[in-house]
Amino acid sequence: MVQDSEELQPVLESQARRRWQMIRKQRVTRKKRSRRVLRNRRTRLEGSSSRAANGIHRRVRTLKKLVPNSESKGLEGLFRDTADYILSLQMRVKVMQIMVKVLTGSDE
């Protein structure tokens, strides 16, 4: 029995060594994987913020094209001019509706 345990000792040690090597390798692999996942998330988040900013810039450019005389103004001036332009368009629509009623002779 003592002889069997002495013969098994190197075998058990080598098995234990292999187990520890596998555990270390798995830990390193997990660390690398978690770093990779974090890096991918970070780039995805950074990319999404720049995409959102690009979308906002695109919409501001479109708004500048739609509102007359607003190309050289800042964002606050652009929004003020846009509100004024919307009000003037609404007034034009009301004037045209009144003109249509008068010209067609409608008494509504």
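Here is a short walk through this predicted model, one selection at a time.

**The whole chain.** Start with everything shown as a cartoon. You will find two helices and zero strands. Of the 108 residues, 8% count as buried. Switch on the surface next: the protein exposes about 10100 Å², and carbon and sulfur atoms supply 57% of that area.

**Helix α1.** Now select residues 2–66, which make up helix α1. Within this helix, pick out R27. R27 is partly exposed, as its relative accessible area is 47%. Then add R24, R30, K32, R33, R35, R36 and R39 to the selection: together with R27, these residues gather in a patch of positive charge on the surface.

**Helix α2.** Move on to residues 75–104, the 30 residues of helix α2. At 1.5 Å a residue, this helix should span 44 Å, and its end C-alpha atoms are 43 Å apart, so the two values agree. Which residues of α2 are buried? Select G77, L78, D81 and T82 to see them.

**A charged pair.** Stay in α2 and show the side chains of E76 and R80, which sit four residues apart, about one turn of the helix. They form a salt bridge, with the closest N and O atoms 3.9 Å apart. A search of the whole structure finds one salt bridge. E76 counts as exposed because its relative accessibility is 61%, over the 50% cut-off. R80, at 45%, is partly exposed.

**Last stop.** Finally, select G105, just after α2, where phi is positive at about 80°.

Methods. Residues are numbered from 1 along each chain as its sequence is written. This is a predicted model: local features need pLDDT of at least 70, side-chain atom pairs count only at pLDDT 80 or more; totals for chains, interfaces and linings use all residues. Side-chain values use heavy atoms; hydrogens and water are left out. The expected span of a helix is 1.5 Å times one less than its number of residues. Buried means under 20% relative accessible area, exposed over 50%, partly exposed in between (1.4 Å probe, protein chains only). Patches are made of residues with over 30% relative accessible area and no salt bridge: like charges are joined within 9 Å, nonpolar side chains (Val, Leu, Ile, Met, Phe, Trp, Tyr) within 5 Å. Accessible areas come from the Shrake-Rupley method with a 1.4 Å probe; for residues, only the protein chains shown count as cover. A salt bridge is a side-chain nitrogen of Lys or Arg within 4 Å of a carboxyl oxygen of Asp or Glu. Lys and Arg count as positive and Asp and Glu as negative; His and the chain ends are not counted. The place of a charge is taken as NZ of Lys, CZ of Arg, CG of Asp or CD of Glu.
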